[in-house]
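Reader: I have the sequence and the coordinates open. Walk me through the local features, please.

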Amino acid sequence: MTVDLSVSLGDVSFKNPVFVASGTFGYGTESNDLVDVSQLGAIVTKSITKHPREGNPPPRIVETPSGMINSIGLANIGVDKYIEKMIPVYEKIGTHVITNIAGFSIDDYLHVLEKLESSGGNVCGYEINVSCPNVDTGRMEFSVDPKSTRELTKALRSATKKLLILKLSPNVTDIGEIAAAAVEGGADALSAINTLFGMSIDPATRRPNINTNIGGLSGPSIRPVGIASVYKISKAVDVPVIGIGGITSVKDVIEYLLAGASAVQVGTANFRDAAIATRIINDLGTYCEENDIATICDLIGKVESYD
Ligand SMILES: Cc1cc2nc3c(=O)[nH]c(=O)nc-3n(C[C@H](O)[C@H](O)[C@H](O)COP(=O)(O)O)c2cc1C
């Protein structure tokens with residue numbers, strides 16, 4: 001039986017729905033010796049900013065019982081170096097690349113996006129990391145405010161026809177409301193979720209285990225939050241959703257698809273096994289064959305809810 005694993009987001013067709021998540025797979029080329037990245041549905045790059053960033057001082061990663069807390073602080077080479085060093089490499093990478101963009105004002109995001117637009121290259125779209133403080137509104141994160149999310153999306157939409165994905169934060173009261181604001185602004189798709197707030201303390205030293213005290217919690221412990229978020233978003237809006245959070249196996253992918261995701265991203269699990277996403281893609285084909293699923297899209301949103 002031939003299984004069709006392809007999915008579409010906006011005008012872009014992906015060979016399968018399993019991508020790698022921002023910040024957990026570098027610029028997409030670091031693991032070339034360990035994994036055939038051309039098998040991935042797409043690579044989402046780490047967040048790219050207007051200027052190069054060192055990120056936060058160490059310690060900036062700590063393990064938790066079922067995942068990790070990080071406070072990397074958007075370490076990256078900056079948009080100019082990214083265009084010079086990485087964009088040419090993506091011509092031969094064999095899969096779609098989505099550039100994740102971060103900023104601290106609408107102008108910051110626009111600057112990066114406009115530079116990328118004028119550089120051309122094999123980037124099929126942008127994922128916008130809105131979990132960043134907006135210096136123009138007293139450092140409130142874009143992600144928690146529908147108005148900021150809408151305005152940012154609108155500004156970026158007017159600057160590109162490429163796939164525009166807004167990446168939402170779970171640290172909000174009503175993620176459906178933020179999703180609706182992003183769609184009103186013109187987003188083609190939404191990804192959810194970014195990390196949750198997390199903290200751990202060393203009882204011996206009484207010091208937090210990461211330098212910023214509180215960081216971003218990721219990994220299997222957040223998977224139920226991710227699935228619930230995808231479910232809520234897909235009820236609130238009519239654009240494709242990309243599910244993220246705690247994915248380690250094909251079973252997790254199926255859960256996200258049933259909840260309403262059109263695609264998924266594997267994040268923290270890449271640190272344990274750089275080839276895990278490609279293995280999950282193989283397992284997804286096998287799962288579909290064994291369960292007589294000819295087209296992966298048939299699973300999207302097919303949860304049998306109690307309502
Ligand atoms: C070390 C690390 C760095 C990350 N860096 C970024 C980043 O630069 N931009 C971004 O949008 N998300 C970033 N994330 C969030 C992930 O892309 C993902 O949304 C989150 O970790 C949840 O998925 P997971 O549980 O599979 O890791 C980072 C996560 C980790 C663990």
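Author: Helices and strands here are DSSP runs, at least four residues for a helix and at least two for a strand, numbered from the N terminus. Bear in mind that the model is predicted.

Reader: Where is R206 found?
Author: Its phi is near 60°, a positive value in a residue other than glycine. Most residues other than glycine have a negative phi. R206 sits in the loop between β14 (201-202) and β15 (207-208).

Reader: Is R206 buried or exposed?
Author: A residue is exposed if 12 or fewer other C-beta atoms lie within 10 Å of its own. R206 has 7 such neighbours inside 10 Å, so R206 counts as exposed.

Reader: And L74, buried or exposed?
Author: Phi of L74 is also positive, near 60°. L74 lies in the loop between β6 (67-70) and α1 (78-86). The cut-off for burial is 20 or more other C-beta atoms within 10 Å. L74 has 20, so L74 is buried.

Reader: Which residues does the cis peptide bond with omega of about -5° join?
Author: Most peptide bonds are trans. Here one partner, P59, lies in the loop between β4 (42-44) and β5 (61-64). The cis bond joins P58 and P59.

Reader: What is omega for the bond from A192 to I193?
Author: I193 is in the loop between β12 (189-192) and β13 (196-198). The peptide bond from A192 to I193 is cis, with omega near 20°.

Reader: How are α6 and α8 oriented, roughly parallel or roughly perpendicular?
Author: Helix α6 (residues 250-259) packs on helix α8 (residues 276-290) at an angle of about 70°, with the axes 9 Å apart. Angles of 65 to 115 degrees count as roughly perpendicular. Therefore α6 is roughly perpendicular to α8.

Reader: How many nonpolar residues does the contact of α6 with α8 have?
Author: α6 passes α8 in a right-handed crossing. From α6, V250, V253 and I254 make the contact; from α8, I280, D283, L284 and Y287 do. By class, the contact has one charged residue, no polar ones and six nonpolar.

Reader: Which residues are closest to the ligand?
Author: The ligand is surrounded by 25 residues. By class, that shell has 15 polar, eight nonpolar and two charged residues. The closest are A21, G23, S218, G267 and T268.

Notes: Residues are numbered from 1 along each chain as its sequence is written. This is a predicted model: local features need pLDDT of at least 70, side-chain atom pairs count only at pLDDT 80 or more; totals for chains, interfaces and linings use all residues. A residue is near a molecule or strand if its C-beta atom, placed from the backbone, lies within 6 Å of it. Ala, Val, Leu, Ile, Met, Phe, Trp, Tyr, Cys and Pro count as nonpolar, Asp, Glu, Lys and Arg as charged, and the others, Gly among them, as polar. Axes are lines fitted to C-alpha atoms, for helices over the stretch in contact, and angles run from 0 to 180 degrees between N-to-C directions. Angles under 35 degrees count as roughly parallel, over 145 as roughly antiparallel, 65 to 115 as roughly perpendicular and the rest as oblique. A crossing is left-handed if the near helix is turned anticlockwise from the far one by less than a right angle, and right-handed if clockwise. Two residues are in contact if their C-beta atoms, placed from the backbone, lie within 7 Å.
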